[in-house]
Amino acid sequence: STIAIMRPLGEIVQSPHEVKHTLSDLKALETTLRQLEGEKLYEDINSRCKTILELVSKVEERSPQTVEEYRNKLTERMNEILSTVAVDEQRIITEAAIFADKVAVAEETVRLRSHFEQFDKILSGEGSVGRKIDFILQEMNREANTIGSKVQDAQLAHIVVDIKAELEKIRDEIKAVKDIAAAAVLFWGFGFFAIEIIALGSKLI
C-alpha cells in the first residue's frame, strides 16, 4: 500500500510511499508516529513541568519573606499605636508564629514536587497510563489551589495563577492526544481511507 503520514489539519510529514502489510513495516510506522507525536508531546509537557517547578521554587523562596514582612509591619503598627508604651516583643513573636502557620505552604510544595516526579515516571513508562495521569493532574491542581488559598501576598498569588495555567496547558495537551493522535492515510487504488494509529496517545486513553 502507499502511505502518507499526516498531522492533524492535513500537514504532510511524509509524502506517499510504499509500505508492505507486514508486522515489521507496521511496527516501523508506529515508531515513526511515536517519534513525531509522542516525543514532541513529551518534550512540550516536560518543558512545562520544568516551568512549574521553577515557579514552585519561587513560592518556596518568597513564602518565608512574607512572614518576616508581616512581623516588621506588625512591629511598626504596634510602635505607632503604643508610642508611649514599650512594645511586647513576645506578643509580636506569637502573632508572627500564628501568621506563619496560617500561610505555610511547605507541605504543599513538597507534595507538588513529589507528584511531578511520579508524573514523569508514569509518562515515560510503558502501558496505559491515562487514568494515572488524570489522577496526578487532579492532585497537582489540588495542591496549587491549597497554596492559592493560603497565600496573602500579591506576588505569590500571581505565581500560583501561573502554576495553574501551566497545569491546564498540560491537561489540554494530553486531551488533544487522546482526541486526535497521529493519523496515517492509506491510499488504495482510486480511493483512500484513513486509520488512526495512536502512539503515545494509546497510553493516555
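## Fold, core and charged pairs of a predicted chain

In this predicted model, the chain averages a pLDDT of 74, and 61% of the residues score at least 70. Confidence varies along the chain: helix 3 (residues 106-123) has the highest mean pLDDT among the elements, at 91, while strand 3 (residues 183-188) has the lowest, at 37. Over residues 180-205 the pLDDT stays under 50, and for this stretch the model has 72 contacts beyond four places in sequence.

The secondary structure comes to 6 helices and 4 strands, and from the N terminus on these elements run β-β-α-α-α-α-α-β-β-α. Of the 205 residues, 34% count as buried, and the chain exposes about 12,400 Å², of which carbon and sulfur atoms supply 55%. Among contacts between residues at least 6 apart in sequence, 68% join residues at least 24 apart.

The largest nonpolar core has 27 residues, and those with the most contacts inside it are I45, F119, L137, M140, I163, L167 and I170. Two or more residues of this core come from each of helix 1, helix 3, helix 4 (130-150) and helix 5 (154-179). When residues up to four places away in sequence are not counted, F119 touches I45, C49, I133, I136, L137, M140, I170 and I174. H115, which lies in helix 3, is buried, with a relative accessible area of 14%, and on the same basis of counting it touches I136, E139, M140 and E143.

A search of the whole structure finds 1 aromatic pair. The ring centres of Y70 and F99 are 4.0 Å apart and their planes lie at 5°, so the pair is stacked. This pair links distant parts of the chain, with Y70 in helix 1 (residues 23-81) and F99 in helix 2 (residues 89-103), 29 residues apart. Y70 is partly exposed, at a relative accessible area of 25%, whereas F99 counts as buried at 12%. In the loop between helix 1 and helix 2 sits D88, which is partly exposed, with a relative accessible area of 43%; the C-alpha atoms of D88 and M78 are 8.8 Å apart in space, although 10 residues separate the two in sequence.

Side chains of opposite charge can pair when their charged atoms come close. The count in this model comes to 11 salt bridges, and the table lists some of them.

| Salt bridge | Closest N to O distance |
|---|---|
| R48 and E173 | 3.8 Å |
| R62 and D153 | 2.8 Å |
| E139 and R142 | 3.1 Å |

The bridge of R48 and E173 links distant parts of the chain, with R48 in helix 1 and E173 in helix 5, 125 residues apart. R48 is partly exposed, at a relative accessible area of 23%, while E173 is buried, at 17%. The bridge of R62 and D153 likewise links distant parts, R62 being in helix 1 and D153 in the loop between helix 4 and helix 5, 91 residues apart. R62 counts as buried at 10% relative accessibility, and D153 is buried as well, with a relative accessible area of 15%.

E139 and R142 are 3 residues apart in helix 4, so about one helical turn separates them. E139 is buried, with a relative accessible area of 15%, whereas R142 is partly exposed, at 48%. Elsewhere, salt bridges that share partners join E107, E108, R111, E143 and K150 into one network.

Key: Residues numbered from 1 in each chain as written. Predicted model: local features only at pLDDT ≥ 70, side-chain atom pairs only at ≥ 80, totals over all residues. Heavy atoms only, no water. Phe/Tyr/Trp six-rings, centres within 6.5 Å; stacked < 30°, edge-to-face > 60°. Buried < 20%, exposed > 50% of the residue type's maximum accessible area, 1.4 Å probe, protein only. Contact = heavy atoms within 4.5 Å. Areas by Shrake-Rupley, 256 points an atom, 1.4 Å probe, with all protein chains shown as cover. pLDDT = per-residue confidence, 0-100. Core = buried A, V, L, I, M, F, W, Y, C linked by side-chain atoms within 4.5 Å. Salt bridge = Lys/Arg side-chain N within 4 Å of Asp/Glu carboxyl O.
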